[in-house]
Protein chains: 2
Amino acid sequence: MTGSAGARPTIETIAARAGVSIASVSRVLNGLGGRPDTVRKVTDAAEALGYVPNAVARSLKARRTQQITFAMADIGNPVYVAMVRAIQREAKAAGYRVLLHSTDADIDEELAALRGLAHRHSDGMILCPLRITPALVAELEAAAGPVVVIGGAPGDTVPVDHVRADSVAGSAMAVRHLAEQGCRRIGFVNGVVDTVPGRSRADGYRRGLRAAGLPVDPDLTEVGEFQIEDGARATERLLARAPDLDGLFCANDLIALGTLRTLRAAGRSVPGDVAVCGMDDTELAEAAWPPLTSVDLGSSERGRLAARLLLDRLGPASASGAPAPGSASGAPVPASAAGTSGSAVAVRELVEPRLCVRASSVRTGAGEGR
Amino acid sequence: MTGSAGARPTIETIAARAGVSIASVSRVLNGLGGRPDTVRKVTDAAEALGYVPNAVARSLKARRTQQITFAMADIGNPVYVAMVRAIQREAKAAGYRVLLHSTDADIDEELAALRGLAHRHSDGMILCPLRITPALVAELEAAAGPVVVIGGAPGDTVPVDHVRADSVAGSAMAVRHLAEQGCRRIGFVNGVVDTVPGRSRADGYRRGLRAAGLPVDPDLTEVGEFQIEDGARATERLLARAPDLDGLFCANDLIALGTLRTLRAAGRSVPGDVAVCGMDDTELAEAAWPPLTSVDLGSSERGRLAARLLLDRLGPASASGAPAPGSASGAPVPASAAGTSGSAVAVRELVEPRLCVRASSVRTGAGEGR
DNA sequence: TTGTAAGCGTTATCAT
DNA sequence: ATGATAACGCTTACAA
């Protein structure tokens, strides 16, 4: 009922109503000086008109959108969900919004996402590439804004921040754990082998076997996609070929779920006949029966660190926008990265794996003789 | 190496290089007319400079951002993940990006999300409120852009598009199914009861019992949060109070997972001693042991419909931006909504529930006599 | 302290 | 067909 309703008020509307210039309006609204009565007039007018600043106009001027993009293969994977949660939390605390970009595990989509930075609808990006191709590296180097890579190590030549899990160590940890439980014929159900995760898990599996003094038998490995069904079928093949296996390391929790199903169908008890260990320690591990032992690769922590790294590169939130004064993070980003906003040297973080032991791998009375 | 490197090229840079005006550059780049050689010059210059249009500037001019916001309680819930996937797919096909907003189940956050529309960093919003409060309704009515509500029915008075699952019917369906399996003492593990989902599931439970000709015994209901742990504890209380129960309907899959755990700990076989049915049919249902019978409330479908509704309100993507010509949807939005872009009358969709029967509820030789 | 005016990078109008 | 120019809504020198 006040003024011409319908169109959203702008600073110009306010200026007119308050009888001052748009510059004064802007200043008052941004908390910069102003004579008391000017402040009053502007504040009142803004209040009365229900004024809300236009983020787009502000972005155009400020050359930053207060948005970051998280690009991953598919939000359906629990690992990415954990990352999104962590990223979202950090971003919100810093006054940033999070844009989602699903690449559907398509390399061209990954490249497109990176190129998208040039459109400047987001200030930076956290990317989870499945493979590190030359094209990806080239695009990373030419990126129009800061990028933090989670997962694949883009080689030491590319100066790009990245956070990764030590999945080689994590895999070895899982295998050693199974060996400690008395397993002597430990099989491995891997996912797609020419991806970064696939390869490092295979490496870790072998390393774990060697550490446990067990031979590496190629017949004990099967591969598929990183999904439940593939895990189930791969396990069938494995059982057919090596009926004597007594332990199984699965490259992720989804695969492990399929493995459990197949073992049950085959009448093998878990962990009695076959001890099983998964990876990623997603919520599915607890839901499974028996509860699944799994290696926590720190998905949340990786998301949190990646967000901190990116936000650090972006510098302090411009003007208003950041609701909370402090960061949402529990632990800070290491000194190597802190306060180096805009630094040219890439920061590399490595998150330590942690074994979460549950019933699927614990054999009573097992262990080395004693 | 060409021109002053560093700063991103704008149409002005191109205009200078091509020796034409910025107006011509804009026209050519947007596929509007132009003399062949002008087109050539501009295209070449743009190519050479690696020009990418600035989305923010475009948004300011076009008064639309090509972004939509999805606001839900917590992306950690598999139900929302399913919705995000569907929304993302539709949005991408229509040339829109998706902004995530977690409200952490906080009513004030929901209100803030709605108010955020006035900042115009997104063109519209899909909201999943947990409760329909007067404040929420007021905010919905005053929303600065189109909103589609998923879940709670904001009353027939509020003219806002919304998509909901028929969870009353779905719950009744679950209970009738358990009754058909021979259950006579069917318990109910509900989530928070003063939320929209909590209330409708309770209604459906009672309706199902009546339909099956079973009495409604208040002692057979327990409540908690919608989480695994709460489900486990609520089931313990239920077992203590009604040791003779032979069926359990759980308000969602997370609760059901907790229920399964408690039953196992109590030495009750599933479905032999107690048949169990969950709700939402998330990926967890398949992962559980025994595989969990669950009512599919069409999370993906609701997400898809909500996105279609919203995108329809927003009208066709402005100028360039939409990659695929067609929609990603399998089935179209009903005629009631199609082509009514900008219509003042609210569209209401109801998604039919579907029972997904798995081992947790199937008793061999059960059924009515026969 | 306050106002005028110049951008930020586009699109679109209107003469030419 | 093309070019000058005015928006879009805001921030920020620079002047007054």
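Which residues have the most contacts inside the largest nonpolar core? The legends below start there and then move to other parts of this predicted model.

**Figure 1. A look into the largest nonpolar core of the model.** This core has 178 residues, and those with the most contacts inside it are Ile126(A) and Ile126(B). In soluble globular proteins, nonpolar side chains tend to be buried together. Take Ile126(A) as your starting point: leaving aside its neighbours within four places in sequence, Ile126(A) is in contact with Ile68(A), Phe70(A) and Ile87(A). Val148(A), Ile150(A), Ala306(A), Ala307(A) and Leu310(A) complete its list of contacts.

**Figure 2. The surroundings of Leu117(B), a buried loop residue.** You will find Leu117(B) in the loop between helix 6 (107–116) and strand 3 (124–127) of chain B. Leu117(B) counts as buried because 23 other C-beta atoms lie within 10 Å, where 20 or more are needed. Apart from neighbours within four places in sequence, its contacts are Ser122(B), Met125(B), Ala143(B), Ala144(B) and Gly145(B). Look also for Thr69(B): Leu117(B) and Thr69(B) are 48 residues apart in sequence, with 8.8 Å from C-alpha to C-alpha in space.

**Figure 3. The surface near DNA strand C.** Here 24 residues surround the strand, and the closest are Ala23(A), Arg35(A) and Thr38(A) from chain A, with Asn54(B) and Ala57(B) from chain B. Helix 2 (22–29) and helix 4 (55–62) of chain A, along with helix 2 (22–29) and helix 4 (55–62) of chain B, are the elements that give two or more residues to this surface. By residue type, the surface near DNA strand C divides into eleven nonpolar, nine polar and four charged residues.

**Figure 4. The surface near DNA strand D.** Around this strand there are 25 residues, of which Thr10(A), Ser21(B), Ala23(B), Arg35(B) and Thr38(B) come nearest. Two or more residues each come from helix 2 and helix 4 of chain A and from helix 2 and helix 4 of chain B. Helix 2 of chain A gives the most to the surface near DNA strand D, with five residues. The make-up of this surface is eleven nonpolar, nine polar and five charged residues.

**Figure 5. How chains A and B are related.** Turn chain B by 180°, with 0.0 Å of shift along the rotation axis, and chain B superposes on chain A with an RMSD of 0.1 Å. That is the relation of a two-fold axis. In chain B, the C-alpha nearest the axis belongs to Leu99(B), 2.3 Å from it. The copies meet through the same surface, because 100% of the interface residues of chain B are also interface residues in chain A.

Notes: Residues numbered from 1 in each chain as written. Chains lettered and ligands numbered in written order. Predicted model: local features only at pLDDT ≥ 70, side-chain atom pairs only at ≥ 80, totals over all residues. Core = buried A, V, L, I, M, F, W, Y, C linked by C-beta atoms within 7 Å. Buried ≥ 20, exposed ≤ 12 C-beta atoms within 10 Å, placed from the backbone. Contact = placed C-beta atoms within 7 Å. Near = placed C-beta within 6 Å. Helix = DSSP H or I, 4+ residues; strand = E, 2+ residues; numbered from the N terminus. Nonpolar A, V, L, I, M, F, W, Y, C, P; charged D, E, K, R; others polar. Least-squares fit on C-alpha atoms with pLDDT ≥ 70 in both.
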